Amino acid sequence: MSYMELARIKADNLISARHARILAIESSCDETAAAIVEDGRTVLSNVIASQVETHALYGGVVPEIASRQHIEACDAVVQRALDDANVRLSDLDAIAVTYGPGLVGALLVGVSCAKALAYGANLPLIPVNHIEGHICANYIAHADLEPPFICLVASGGHSHVVEVTDYGEYRLRGNTLDDAAGEAFDKAARVLSIPYPGGPLLDKLAWEGNPNALALPKPRLEGRYDFSFSGLKTALINRVHQLHQAGQDVPAADIAASFRKAVVDQLVSKALLAAREHGAKALAVAGGVAANSLLRQELTEGAQKLRIPCYMPPLSLCTDNAAMIGSAAFWQLLRGELAALDLNAEPGLELPV
Ligand code: KG4
Ligand code: ZN
């Protein structure tokens, strides 16, 4: 019997039992991560090897270095995930892996590792979309959360307002027209000489500043739920250059506070508008920017006014991790969506909408 025939039979048994213990691997950017997740919601282990210190030397992620460090870390991270969960490869039901979007070389390391494990252990292979993973982090954190709900997804590469109609079913309601929110935070941080990773440090600094100090433009957008952040970024860069040219000090905390408020106001107002206009019963947020302290505060308050629950993952599940990939993989397995051993990385993969 071929690998694929065997994988299908195993997957069919898991679908009937509606039970699976999945080893998930994530390597789309600068974290090498592996986790073991049961039935989409229970995390048995969650291991992350961060490369932040290395990339900080260069002020941002260097793709070639990221790929090499993934290769060096991958085996140990997987072994640690098994050890932490106190299971062996033979105790697993399936292997899941992020196959996009992300850096192609980085993704390929995880994909190759997952394929080797799936083939070697004769286990079904589940190809997971990284953005979908971010959304599913909420299923881990909140046992009561079930679709439908509106989810604001804001990461380093994406900013979406998504209507989650069912497990694995999405409708894209809003998108960024230019930069992603996380990218905007990182670029703003760089201009303010805040070291990498910019977003979290800018968030911290912003609490020391006046959010009304710098007047920033409000974008006019055609799409009701769309975002635009590049105008804000340009205004910030121009202001900092003007101050430099005039030989004046740059009030970094004030500028950080003003910029954070402008980005967060946009994200929150669009997410709340979508929730209201779609009569959403719940609101969720996902992605690295969901760790932003002002965003969490404003979204919580806004949802309270709408009288709907607001779900957000703990900080550790907002930024990249493999547990969220293991969660997304479970619902995908239930739909019978497996990969063959010729699975390739897809750096530009979009959310399936
Ligand atoms: O989801 P993620 O870990 O990776 C991608 O899939 O892109 O998101 C990383 C992004 C980075 O741009 C980082 O600066 C941003 O999330 N981020 C934050 C915060 N924590 C992480 N941005 C603003 N405030 C934060 N507290
Ligand atoms: Zn991510």
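## Where ligand 1 sits

In this predicted model, the largest pocket is the space that ligand 1 takes up. Three elements each give two or more residues to the shell around ligand 1: α5 (130–141), α6 (181–191) and α7 (198–206).

The shell counts 18 residues, and the ones that come nearest are H134, G156, D186, G288 and N292. Sorted by class, that shell breaks down into eleven polar, four nonpolar and three charged residues.

## Polar contacts and burial

Now for the atom pairs. On the oxygen side, ligand 1 has an oxygen atom 3.0 Å from an N or O atom in the side chain of H130. An oxygen atom of ligand 1 also lies 3.3 Å from a polar backbone atom of G199. On the nitrogen side, D203 offers a side-chain N or O atom 3.0 Å from a nitrogen atom of ligand 1.

How much of ligand 1 does the protein bury? Taken alone, ligand 1 exposes 550 Å², and the protein buries 87% of that.

## The zinc site

Ligand 2 is a zinc ion, and its protein donors are H130 (NE2), H134 (NE2) and D320 (OD), at 2.0 to 2.1 Å. Along the chain these donors follow the spacing H-x3-H-x185-D. Why are H130 and H134 about one helical turn apart? Because they are four residues apart in helix α5.

Two of these donors also turn up around ligand 1. H130 has the side-chain contact with a ligand 1 oxygen at 3.0 Å, while H134 is among the residues that come nearest to ligand 1.

Methods. Residues numbered from 1 in each chain as written. Chains lettered and ligands numbered in written order. Predicted model: local features only at pLDDT ≥ 70, side-chain atom pairs only at ≥ 80, totals over all residues. Heavy atoms only, no water. Near = heavy atom within 4 Å. Polar contact = N/O pair within 3.5 Å; in protein donor to acceptor, adjacent residues only side chain to side chain. Areas by Shrake-Rupley, 256 points an atom, 1.4 Å probe, with all protein chains shown as cover. 1 Å grid on protein atoms, 1.4 Å probe; cavity = no way out; pocket = protein on both sides within 12 Å on 5 of 7 lines; lining within 4 Å. Sits in = over half its atoms within 2 Å of the grid points. Nonpolar A, V, L, I, M, F, W, Y, C, P; charged D, E, K, R; others polar. Donors = N, O, S within 2.8 Å, 3.2 Å for Na, K, Ca; no water.
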